[in-house]
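Dear colleague,

I am passing on the structure below, and I would be grateful if you would look through it alongside the notes that follow.

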Amino acid sequence: MTRLSWFNTVSLTLGFAFLYIPMVILIIFSFNESKLVTVWAGFSVKWYGELLQNEAFLNAAWVTLKVAVISSTIATVLGTMAAYVLVRGGRFLGRTLFSGMIYAPLVMPEVITGLSLLLLFIGIGLDRGVMTIVLAHTTFSMCYVSVVVSSRLVTFDRSLEEAALDLGCSAAEAFRLVTLPIIAPAVISGWLLAFTLSLDDLVIASFTSGPAATTLPIKIFSAVRLGVSPEINALSTIMIAIVTVGVVTASLVTKRQLVRQRRDEQNAERS
């Protein structure tokens with residue numbers, strides 16, 4: 001095992017400090033009694049109560065969660081299908097074009113993506129709202145799901161599928177009973193990644209949202225332009241807590257799946 005040098009240790013410490021100290025400060029000041037976000041006046045949870053009575057933030061939060069759940073679910077289904085075609089489809093006419101269209105949103109600036117989707121929605125006469133945001137978020141997050149699932153399918157042992165087919169399973173049953181449970185950690189990771197990207201998106205949502213559908217990042221950005229309030233600190237703390245719980249849960253589920261897979265493989269080798 002390679003030991004960490006003092007340079008690597010210091011660099012790692014400074015990197016984590018740069019990333020997480022601002023979040024820690026934000027969480028601490030969300031419990032500040034004072035309305036001034038830079039002056040500590042004692043511990044209080046009153047800003048969380050004020051936040052729960054702020055209808056504008058609550059409506060924006062509901063729209064954001066609804067968009068994130070729907071778009072990430074659709075993106076996971078489409079991204080998994082695209083990954084399966086790319087990995088298992090072999091050579092087919094238009095494969096290069098198909099692959100380029102799948103991975104293009106990874107390198108495309110969000111401003112270009114948002115503007116092009118806005119022009120598309122205007123061109124087809126689709127009113128901007130929750131539906132347009134869902135379509136936009138599905139478009140750019142599907143490629144991330146495809147990358148995650150493809151990396152798992154590349155290392156997948158196809159002999160397991162062949163064994164299921166030899167035992168009488170159809171191709172659909174082999175995928176449902178064998179392939180999908182094995183690649184489930186990657187699918188779950190892709191869903192969480194798409195959910196996080198949708199939850200965090202500001203640029204594309206600002207192009208595709210309408211007056212009746214304002215997402216939380218847009219609402220926070222509009223409020224911050226007038227000054228940071230303790231309610232925004234409280235809201236940001238809740239969002240950090242939700243993401244942390246999601247990441248920990250996904251890690252535990254993935255670890256349990258890997259342990260179960262190793263146990264099944266060991267039992268199969270023994271038998």
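**Aromatic pairs, annotated segments and cores**

Phe-43 counts as exposed, because its relative accessibility is 61% and the cut-off for that class is over 50%. Please bear in mind throughout that this is a predicted model.

Phe-43 belongs to one of the 6 aromatic pairs counted in the model. Its partner is Phe-31, and since the ring centres are 5.3 Å apart with the planes at 10°, the pair is classed as stacked. Both residues sit in the loop between α1 (6-29) and α2 (46-52), 12 residues apart. Phe-31, with a relative accessible area of 22%, is partly exposed. Ring pairs also bring in Tyr-48, so that Phe-31, Phe-43 and Tyr-48 are linked into a cluster.

A second pair that I would point out is that of Tyr-84 and Phe-175, whose ring centres are 5.3 Å apart and whose planes stand at 85°, so this pair is edge-to-face. It links distant parts of the chain, with Tyr-84 in helix α3 (residues 55-88) and Phe-175 in helix α8 (residues 171-200), 91 residues apart. Tyr-84 is partly exposed at 29% relative accessibility, and Phe-175 is likewise partly exposed, at 25%.

Turning to the record, the unreviewed UniProt entry annotates residues 12-31, 60-86, 98-124, 130-154, 174-194 and 232-253 as "transmembrane region". Of these segments, I can describe two in the model. Over residues 60-86 the chain is 100% helix and 0% strand, with 37 Å between the end C-alpha atoms. Residues 130-154 are also 100% helix and 0% strand, and there the end C-alpha atoms are 35 Å apart.

As for the interior, which residues of the largest nonpolar core touch the most other members? The core has 16 residues, and those in question are Val-149, Leu-153, Phe-156, Val-178 and Ile-183. At least two residues of this core come from each of α3, α6 (130-154) and α8, and the largest share, 6 residues, is supplied by α8. Apart from its neighbours within four places in sequence, Val-178 is in contact with Phe-156, Leu-160, Glu-161, Ala-164 and Glu-173. There is also a second, separate core of 10 residues, among them Ala-60, Leu-216, Ile-220 and Ile-232.

With best wishes

Conventions
Residues are numbered from 1 along each chain as its sequence is written. This is a predicted model: local features need pLDDT of at least 70, side-chain atom pairs count only at pLDDT 80 or more; totals for chains, interfaces and linings use all residues. Side-chain values use heavy atoms; hydrogens and water are left out. Rings of Phe, Tyr and Trp (its six-membered ring) pair if their centres lie within 6.5 Å; planes under 30 degrees apart count as stacked, over 60 as edge-to-face and the rest as tilted. Helices (H or I, at least four residues) and strands (E, at least two) are DSSP runs, numbered from the N terminus. Buried means under 20% relative accessible area, exposed over 50%, partly exposed in between (1.4 Å probe, protein chains only). UniProt positions are given in the numbering used here, feature names are shortened, and annotations may be inferred rather than shown by experiment. A nonpolar core is a set of buried Ala, Val, Leu, Ile, Met, Phe, Trp, Tyr and Cys residues joined through side-chain atoms within 4.5 Å. Contact means heavy atoms within 4.5 Å.
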